Amino acid sequence: MAENTFPVFSADEIVHFYRTEVLTGQEAKHLKKSDLTPVPKAEVVQTLYMRILHLLYRFRPECHSMVPLSENIQYPAYHEGATAILSVYARMRHFLPICLVYEFSLSDLLAPKKLKTLTILSAVMNFLRFRKERLECAMEKQAKFRADTDRLQFYTKANAEAEKKLEMLTTIPPEQQAEADELAAALSELQTTTMHEYQDVNTLNDSIAEWKTTIAEKTQKLAQMKVDVSSLKEEIGKLKSQIVESPEELKSQMEKMRESVKTIKESIEKTDESVVELQNMVQDVSHAEAEVQQIYGLLQDLESSMGNAKQRQEKHQELVAQCERKQKELKNLCGEEGQLKRALGMKQDKDCKMKIRRQKKREMKEQRVQEVMGECNQIHQKREEMAGRIQNICAETQQLKADIKSLKDACSEETKRAQVLFDTVCAEMDGLHRRIEMHLSDLRG
């Protein structure tokens, strides 16, 4: 007992623990420290052991007093007191090695000692705390298993709904199939027309850029020519002031100036014509730009529809990825479920074996109880027969007493009569003796 693998608690801790965890009602109220120290009370210790067995094995305290009656046992009531103590002793001998206590004797029940009793109660207290912790852990695992099964059901339901949504998104209804085909054909036609329009617009942009370059060159040349004309006018003004009035030179200069003016007018006309052509081309370009804007609007609509389609496709891909993730989680949960099912199956097998053992024990117990009840019934029948015999004997004894009393009365009367006769005979004998004596005295005289 000196080398314990569990702590030995104080009497206050033991009393508090057994009051709150083991005992109930009046027993918990009446348990005190003085019941265990300095001299433990045998009744209190036996009650604690019975309540411990009831808590662990559901063996009620009144069941300890049941005597397995048989025909050879006389006066079974005499065995009831010792049977309870022997039952508690046998079951505690079977239970205490689980608590790492290997020394237990009848003296620990009938005349318990302080140190031994506190050690045994501390061992049981340590075991009950360990049992409570294990039960709480098992309940937590059971609650976690139930939560996992609920989550698995929720995930399977969500996966089924996601698969239904995917089927609804990917499959086209038959009443909308024709419209979808028409939209696909129109979309392909629109794509081809937009490609052609893009090409035309690119060619127009190239031509517009070329015309813009030519117009810039022409405007630059026109500005240069205007600068030349203004410079020529200035030179003409200067020359007029310097020219000596000679008609021939004046004529020749006037002719040159006329030719230059004519060439300038021709160039101006050409530039005007080119400007008109450029204006016409600009109008054509504005019309083309309007058409390009229309096509651009159509392309924006097409781009928005393609963006919507892309968003739907991305959403579809997200749903597919989410479905794959859910399927992976479902596989993991299925694996966990398999493990939990195997654990549950093993637990159920253990429970089934335990149930079978308990059923066998219960059947054996019921059979034993039936046998005991049969024996009790036989004993009760024998008791009733003995009671009938005793009643008959009592009746016979009463009759004998009455007969004896009547005989005593008759005897007393007979004795009284005999006494009277005896008295009369004695008186007659006395009288006879006196007469004989008188007669003898007369004869002598």
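Contact here means heavy atoms within 4.5 Å. In the predicted model, among contacts between residues at least 6 apart in sequence, 72% join residues at least 24 apart. The protein has eight helices and zero strands, and its elements follow the pattern α-α-α-α-α-α-α-α along the sequence. Of its 445 residues, 20% count as buried.

Two helix pairs that share α6 were examined. Helix α1 comprises residues 11-21 and helix α6 residues 114-170. The two pack at an angle of about 50°, with their axes 11 Å apart. That angle makes α1 oblique to α6, and the crossing in which α1 passes α6 is left-handed. On the α1 side, the contact is made by Ala11, Glu13, Ile14, Phe17, Tyr18 and Glu21. These residues meet Leu118, Leu121, Ser122, Val124, Met125, Leu128, Arg129 and Lys132 in α6. By class, the contact of α1 with α6 has nine nonpolar, one polar and four charged residues.

Helix α3, spanning residues 42-57, also packs against α6, here at an angle of about 20° and with the axes 12 Å apart. Angles under 35 degrees count as roughly parallel, and α3 and α6 are therefore roughly parallel to each other. The crossing of α3 with α6 is left-handed. Val45, Leu48, Tyr49, Ile52, Leu55 and Leu56 contribute from α3. Their partners in α6 are Thr117, Ile120, Leu121, Val124, Phe127, Leu128 and Arg131. The contact of α3 with α6 divides into eleven nonpolar residues, one polar residue and one charged residue. Leu121, Val124 and Leu128 of α6 are listed in the contact with α1 and also in the contact with α3.

The segment before α1 contains Phe9. With a relative accessible area of 14%, Phe9 is buried, because the limit for that class is under 20%. Neighbours within four places in sequence aside, Phe9 is in contact with Ile14, Ser122, Met125 and Arg129. Each of these four residues also takes part in the contact of α1 with α6, Ile14 from α1 and Ser122, Met125 and Arg129 from α6. Phe9 and Met125 are 116 residues apart along the chain, and their C-alpha atoms are separated by 8.8 Å.

The loop between α2 and α3 holds Thr37 as well as Pro38. A cis peptide bond joins these two residues, with omega at about -5°. Thr37 counts as buried at 12% relative accessibility. Apart from neighbours within four places in sequence, Thr37 contacts Ala11, Lys114 and Leu118. Of these partners, Ala11 and Leu118 also belong to the contact of α1 with α6, on the α1 and α6 sides respectively. Lys114 falls at the start of the range given for α6, residues 114-170.

Two buried residues were examined in helix α4, which covers residues 80-95. Ala84 is placed in this helix and is buried, with a relative accessible area of 10%. When residues up to four places away in sequence are not counted, Ala84 touches Met50, His64 and Ser65. The C-alpha atoms of Ala84 and Met50 are separated by 9.5 Å, the two residues being 34 residues apart along the chain. Met50 falls within the range of α3, residues 42-57.

Ser87 also lies in α4 and counts as buried at 10% relative accessibility. With residues up to four places away in sequence again left out, Ser87 touches Phe59 and His64. His64 is thus touched by Ser87 and is also among the residues touched by Ala84. Within the helix, a polar contact of 2.7 Å joins the side chains of Ser87 and Arg91.

The loop between α4 and α5, the latter at residues 107-110, contains Leu100. Leu100 has a positive phi of about 65° although it is not a glycine. At a relative accessible area of 42%, Leu100 is partly exposed, whereas Ser87 in α4 is buried.

Terms used: Residues numbered from 1 in each chain as written. Predicted model: local features only at pLDDT ≥ 70, side-chain atom pairs only at ≥ 80, totals over all residues. Heavy atoms only, no water. Buried < 20%, exposed > 50% of the residue type's maximum accessible area, 1.4 Å probe, protein only. Polar contact = N/O pair within 3.5 Å; in protein donor to acceptor, adjacent residues only side chain to side chain. Axes fitted to C-alpha atoms, helices over the stretch in contact; angles between N-to-C directions. Parallel < 35°, antiparallel > 145°, perpendicular 65-115°, else oblique. Left-handed = near helix turned anticlockwise from the far one by under 90°. Nonpolar A, V, L, I, M, F, W, Y, C, P; charged D, E, K, R; others polar.
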